[in-house]
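Please open the structure in your viewer and keep the selection tool at hand. The stops below say what to select and what is there.

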Amino acid sequence: MQRQSRRDTVPELLLRRAVWRRGLRYRVDVSPIHGTRRRADLVFPRAKVAVYVDGCFWHCCPQHATTPKANRGWWVEKLHANVARDRDTDRRLHEAGWTAVRIWEHEDTEAAAKRVERVVREHLAELG
Ligand SMILES: [Zn+2]
């Protein structure tokens, strides 16, 4: 089983590269807001957009969520806690004026990069 808080997964690297090619610059693996140790995968400080690449297993993607049979109860609790923490992070970001963009690891990289670009450019446009 993979460790949860690993860095630089393949979907993350592909997304970063695709977003970079679209001319967007970002910070990697930093906390968007003070007081949370929950780091985002791509952070756009000026646009106040934080992008998370969520693993299908760990974050319970609707298409690929599974629960291991061994220690089932423990896993159900663990995975539910992950999802609850994701929603809590989104809420905290929102309250701090940030927008969270969540990408599933199974998503098409170019489609995901396009979505990130749209959100970032919209926010930058609002800044004038
Ligand atoms: Zn999935």
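## The zinc site

Begin with His 64, which counts as partly exposed because its relative accessibility is 37%, between the 20% limit for buried and the 50% limit for exposed. The model is a predicted one, and His 64 is one of the residues that coordinate its zinc ion.

Now select the zinc ion together with its donors. They are Cys 56 and Cys 61, each through SG, and His 64 and His 106, each through ND1. The coordinating distances run from 1.9 to 2.3 Å. What is the geometry of the site of the zinc ion? The site is tetrahedral, with angles of 100 to 119° among its four donor atoms. Along the sequence, the donor residues follow the spacing C-x4-C-x2-H-x41-H.

Stay on Cys 56 for a moment. Is Cys 56 buried or exposed? Its relative accessible area is 6%, so Cys 56 is buried.

## Two positive phi angles

Select Cys 60, in the loop between E3 and helix H2 (72-95). Phi of Cys 60 is near 60°, a positive value in a residue that is not glycine. Cys 60 has a relative accessible area of 24% and is therefore partly exposed.

Next, go to Lys 48, in the loop between E2 and strand E3 (49-54). Here too the residue is not glycine and phi is positive, near 55°. With a relative accessible area of 36%, Lys 48 is partly exposed.

## Arg 102 and its surroundings

Select Arg 102 in strand E4, which covers residues 99-104. Why does Arg 102 count as buried? Its relative accessibility is 15%, and the limit for buried is under 20%.

Show the side chain of Arg 102 and that of Asp 54: they make a polar contact at 3.0 Å. Then add the backbone oxygen of Asp 86, which lies 3.4 Å from a polar atom of the Arg 102 side chain. Turn to Tyr 52 as well: the charged end of Arg 102 sits over its ring, 4.3 Å from the ring centre.

To see more of the surroundings, display the residues that Arg 102 touches, leaving aside those up to four places away in sequence. Among them are Arg 87, Thr 89, Asp 90, Glu 107 and Arg 115.

## Aromatic pairs

Colour the aromatic residues next. How many aromatic pairs does a search of the whole structure find? The search finds six.

Select Trp 20 and Tyr 26. Their ring centres are 5.9 Å apart and their planes meet at 80°, so this pair is edge-to-face. Trp 20 is partly exposed, because its relative accessibility is 44%, whereas Tyr 26 is buried at a relative accessible area of 16%.

Keep Tyr 26 and add Phe 44. These two rings also form an edge-to-face pair, at 5.9 Å centre to centre and 70° between the planes. The pair links distant parts of the chain, 18 residues apart. Tyr 26 is in the loop between helix H1 (10-21) and strand E1 (27-30), and Phe 44 is in strand E2 (residues 40-44). Both Tyr 26 and Phe 44 are buried.

Go back to Trp 20 and add Arg 25, which lies over the face of the Trp 20 ring at 3.4 Å from its centre.

For the last stop, select Phe 57, Trp 58, Trp 74 and Trp 75. Ring pairs link these residues into a cluster.

How values were computed:
Residues are numbered from 1 along each chain as its sequence is written. Side-chain values use heavy atoms; hydrogens and water are left out. Helices (H or I, at least four residues) and strands (E, at least two) are DSSP runs, numbered from the N terminus. Buried means under 20% relative accessible area, exposed over 50%, partly exposed in between (1.4 Å probe, protein chains only). A polar contact is a pair of N or O atoms within 3.5 Å; within protein, one must be able to donate a hydrogen and the other to accept it, and residues adjacent in sequence count only if both atoms are side-chain atoms. Contact means heavy atoms within 4.5 Å. Rings of Phe, Tyr and Trp (its six-membered ring) pair if their centres lie within 6.5 Å; planes under 30 degrees apart count as stacked, over 60 as edge-to-face and the rest as tilted. A charge sits over a ring if NZ of Lys or CZ of Arg is within 6 Å of the ring centre and within 35 degrees of the ring normal. Donors are N, O and S atoms within 2.8 Å of the metal (3.2 Å for Na, K and Ca); water is not among the atoms, so sites may look incomplete. Four donors count as tetrahedral if all angles lie between 85 and 135 degrees; four count as square planar and six as octahedral if opposite donors are over 155 degrees apart and all others between 65 and 115; anything else is irregular.
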